[in-house]
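Thanks for asking me to look this one over with you. Below are a few numbered notes to help you find your way around.

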Amino acid sequence: MSEYKSELVRNLVQRGYHFQSTDLNTLDERATSGVVTGYIGFDATASSLHVGSLVQIMMLRQMQKAGHKPIILLGGGTTKIGDPSGKDKSRSMLTEDQIGENKAGILKPFKKLLAIGDGPTDAIVVDNDEWLSEFGYLEFLREFGPHFTVNRMMTFESVKQRLDREQPLTFLEFNYMLLQAVDFLELNKRYGCSLQLGGGDQWGNIINGVELCRRIAGNEVSAFTTPLITTASGAKMGKTADGAVWLNDDMLSSYEYWQFWRNTEDADVGRFLRLFTDLPLAEIAQLEALEGAAINDAKVRLANEATTMLHGADAAREAEATAKATFAAGGAGDALPTVEIAGLTDGDVTLASLFVEAGLAASNGEMKRHIKAGAAKVNGQPLTDIQAKATADLVQDGAIKLSVGKKRHALAKPA
């Protein structure tokens with residue numbers, strides 16, 4: 001690791017981002033001698049990215065911290081097609097308005113984690129619909145079709161996996177890798193972009209772009225991918241039993257975001273500190289070496305650092321204080337997820353429905369299982385009756401505290 005001269009490559013490797021790359025030594029030389037412009041593409045398939053995309057954003061952040069220029073490529077064009085990588089079925093077709101709303105939503109975390117502007121190392125935002133929508137079909141085929149063979153495309157994992165599972169792969173999706181390759185070529189021509197970063201599942205698509213830049217523009221460019229980020233127990237990063245861990249605070253509260261990181265498995269603490277915080281490696285090594293109950297201090301540090309980066313220091317402090325009040329002192333905490341219910345204490349609202357409304361259970365069926373297991377509690381007391389109603393005497397300090405197990409809590413307040 002120490003042989004790399006550039007801060008960029010050294011940090012990417014030492015912090016655990018590296019999985020596959022075309023030629024690290026060439027990238028290292030470029031990053032040592034000047035500013036490298038690199039990009040990652042993000043399709044606008046939802047109104048927020050989730051934690052599974054955070055490792056990609058953090059790579060762009062590492063680029064910028066090392067004095068290089070990131071490009072945030074929004075897939076206004078490619079979203080119309082849908083990336084088949086890692087998918088068992090085609091994505092839903094979105095309207096232009098939906099794509100536009102999603103693009104605005106997924107940009108929110110970038111504005112907090114990167115400096116976006118006109119400076120030499122400021123990130124810029126580009127939409128691939130700028131060029132993809134300009135191509136005519138025959139023009140596109142004549143210009144780029146001769147550079148791709150179906151034989152080669154059939155060997156890529158995104159295609160093989162879908163076919164191996166006997167799931168349909170539409171001709172529309174089959175074109176996606178051509179569009180992504182053209183993105184790299186266009187960014188290379190327009191902005192001198194010489195690096196594409198992405199997840200390991202994008203390797204085939206990225207290599208297509210590397211080859212297209214060489215064949216058409218005569219330029220040597222680089223590819224760099226991360227490993228699939230999973231937890232020590234094998235779970236996919238960004239997904240929990242409660243659903244996706246969204247990056248936008250209108251879809252997931254800062255407290256819930258803080259709690260996600262606080263609940264990191266012991267074996268993942270050091271790795272996640274390297275990937276998802278800016279803490280120096282020497283300090284991370286000290287935190288990673290903590291044992292027994294002391295490892296919880298490292299988890300709190302991880303939660304505070306990650307939450308501060310995305311939601312601000314005040315939100316992190318409030319989340320930590322709420323967690324202490326909730327778990328240590330048995331209190332409620334002002335930052336807990338809250339639902340406001342009209343007619344809460346009129347005698348017509350079941351307590352079980354409050355759990356569902358607050359997102360602590362997906363359905364009455366799940367609530368029955370929580371009750372049977374003794375996991376559902378109201379104001380700290382076990383809920384035993386699925387039909388029990390919310391009443392005025394249950395409102396304490398202006399709310400009814402709902403809990404499932406020891407770590408999931410919410411408040412129900414009268415509207």
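**Notes on the model**

1. Let's start with a single residue: Arg-162 has a relative accessibility of 0%, so it counts as buried. Please keep in mind as you read that this is a predicted model. You will find Arg-162 in helix α9, which covers residues 157–164. For a sense of scale, Arg-162 and Ala-373 are separated by 211 residues in sequence, and their C-alpha atoms lie 39 Å apart in space.

2. Next, have a look at the sheet built from 6 strands. Its order is β1-β6-β5-β2-β3-β4; the sheet is open and its pairing is mixed. The edges are taken by β1 (20–21) and β4 (124–127), each with a single partner strand, so each has one side without a neighbour in the sheet.

3. Inside that sheet, follow strand β2 (residues 37–43). With strand β5 (residues 195–199), β2 pairs in the parallel sense over 2 bridges. Here Gly-38 has Leu-195 in β5 as its bridge partner. β2 also runs parallel to β3, and 7 bridges join these two strands. In that pairing, Thr-37 is placed opposite Lys-69 of β3.

4. How many residues of strand β3 (residues 69–75) are buried? The count is 7 of the 7, so β3 is largely enclosed by the rest of the structure. Its residues point two ways: Lys-69, Ile-71, Leu-73 and Gly-75 to one side, and Pro-70, Ile-72 and Leu-74 to the other, with all of them buried.

5. A helix belongs in this picture too. Helix α2 (residues 24–33) lies across β1, β5 and β6 (222–226), and its direction makes an angle of about 110° with β6.

6. Now for some helix pairs. Two packed helices are described by the angle between their axes and the distance between the axes. For helix α11 (residues 176–191) and helix α12 (residues 203–217), the axes come within 8 Å and cross at roughly 50°. The two are therefore oblique to each other. The crossing in which α11 passes α12 is right-handed. On the α11 side, the residues in contact include Tyr-176, Phe-184 and Leu-185, and on the α12 side they include Ile-206, Val-210 and Ile-216. Sorted by class, the contact of α11 with α12 has 12 nonpolar, 5 polar and 1 charged residues.

7. The second pair is helix α14 (residues 269–276) with helix α16 (residues 295–311). These pack at an angle of about 20°, and their axes are 10 Å apart. That angle makes α14 roughly parallel to α16. α14 and α16 have a left-handed crossing. From α14, the residues Val-269, Phe-272, Leu-273 and Phe-276 meet Ile-295, Ala-298, Lys-299, Leu-302, Ala-306 and Met-309 of α16. The classes in the contact of α14 with α16 are 9 nonpolar, no polar and 1 charged.

8. Finally, there is a sheet of 5 strands to visit. It is open, has mixed pairing, and follows the order β9-β13-β12-β10-β11. Which strands stand at its edges? They are β9 (338–341) and β11 (381–382); each has a single partner strand, so one side of each lacks a neighbour in the sheet. Within this sheet, strand β12 (residues 400–404) and strand β13 (residues 408–414) pair in the antiparallel sense over 5 bridges. To locate that pairing, look for Leu-402, whose bridge partner in β13 is Ala-410.

Terms used: Residues numbered from 1 in each chain as written. Predicted model: local features only at pLDDT ≥ 70, side-chain atom pairs only at ≥ 80, totals over all residues. Heavy atoms only, no water. Axes fitted to C-alpha atoms, helices over the stretch in contact; angles between N-to-C directions. Helix = DSSP H or I, 4+ residues; strand = E, 2+ residues; numbered from the N terminus. Parallel < 35°, antiparallel > 145°, perpendicular 65-115°, else oblique. Left-handed = near helix turned anticlockwise from the far one by under 90°. Contact = heavy atoms within 4.5 Å. Nonpolar A, V, L, I, M, F, W, Y, C, P; charged D, E, K, R; others polar. Pairing = 2+ DSSP bridges. Buried < 20%, exposed > 50% of the residue type's maximum accessible area, 1.4 Å probe, protein only.
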